[in-house]
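Got the viewer open? Let's walk through this one stop at a time, selecting as we go.

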Amino acid sequence: DGVDDAEAFRETMECLQELQFGAEETDEMFCIVTAVLFLGNCDFTGDDSAGSRVTDQQLGEHICKLLQVPREAFDKIFQYKTLMDPLSKQIIDMPQAPEDASLTRLAMAKATYARLFDWLVDRVNKTMGGT
């Protein structure tokens, strides 16, 4: 496609430095992008009675490290659909089928990326003196 990826990355890093992004901010940003990409590789196994689990446990562990989230919380997102009983206000965890866990994964990736994008726009605007 005629694009020099190494050169494009170098230019991106220069822009981030010019916009006064620190090393920690840059690293965290790349961790989030990497985690979103890895979420796309998640497959699920399980059934309607026990809920779903990420098939590749190492991939799940890697995503948790990138996003800095506890593994138990990550697993629960895909294993159960959490609902609130409107009468008792009690939280109910219903087992989630693999197909539903896949949809949850897509929603999680989309929301994570959207929040990163919003933060990035806000961060650039503040640096450039905007609101």
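Start by selecting Arg123: in this predicted model, its relative accessibility is 14%, so Arg123 counts as buried. Now add Glu25 and show both side chains. They meet in a salt bridge, 2.9 Å from N to O. The pair ties together distant parts of the chain, with Arg123 in helix H5 and Glu25 in helix H2 (residues 23-39), 98 residues apart. Glu25 counts as partly exposed, at 24% relative accessibility.

Next, go to helix H1 and pick Glu7, Arg10 and Glu14. Salt bridges with shared partners join these three into one network. Arg10 pairs with Glu7 at 2.3 Å, N to O, and with Glu14 at 2.0 Å, again N to O. How far apart in sequence are Glu14 and Arg10? Four residues, and because both sit in helix H1, that puts about one helical turn between them. Arg10 and Glu7 are three residues apart in H1 (residues 5-18), also about one turn. Color by accessibility and you'll get 37% for Arg10, 29% for Glu7 and 34% for Glu14, so Glu14 is partly exposed. If you want to hunt for others, the structure holds seven salt bridges.

Now jump to Gln96, in the loop between S4 and helix H5 (98-127). Buried or exposed? Gln96 is buried, with a relative accessible area of 4%. Show its side chain together with that of Thr104: a polar contact of 3.0 Å joins the two. Then select what surrounds Gln96. Beyond its neighbours within four places in sequence, its contacts include Asp47, Gly51, Ser52, Phe78, Tyr80 and Ala101.

From there, step back to Met94, which lies in strand S4 (residues 91-95). Met94 is partly exposed, at 40% relative accessible area. Turn on the surface and add Leu83 and Ile92: with Met94 they make a nonpolar patch of about 230 Å².

Finally, clear the selection and zoom out to the cartoon. You should find five helices and four strands, running α-α-β-β-α-α-β-β-α from the N terminus. The C-alpha atoms fill a box of roughly 50 × 35 × 25 Å along the principal axes. The radius of gyration is 19 Å, whereas a compact globule of 131 residues would come in near 14 Å. Just 24% of the 131 residues count as buried. Among contacts with a separation of 6 or more, 54% are between residues 24 or more positions apart. With the full surface on, you're looking at about 9,000 Å² of accessible area, 57% of it belonging to carbon and sulfur atoms.

Notes
Residues numbered from 1 in each chain as written. Predicted model: local features only at pLDDT ≥ 70, side-chain atom pairs only at ≥ 80, totals over all residues. Heavy atoms only, no water. Patch = residues over 30% accessible without salt bridge, like charges linked within 9 Å, V, L, I, M, F, W, Y side chains within 5 Å. Areas by Shrake-Rupley, 256 points an atom, 1.4 Å probe, with all protein chains shown as cover. Salt bridge = Lys/Arg side-chain N within 4 Å of Asp/Glu carboxyl O. Helix = DSSP H or I, 4+ residues; strand = E, 2+ residues; numbered from the N terminus. Buried < 20%, exposed > 50% of the residue type's maximum accessible area, 1.4 Å probe, protein only. Rg over C-alpha atoms; globule rule 2.2 N^0.38 Å. Contact = heavy atoms within 4.5 Å. Polar contact = N/O pair within 3.5 Å; in protein donor to acceptor, adjacent residues only side chain to side chain.
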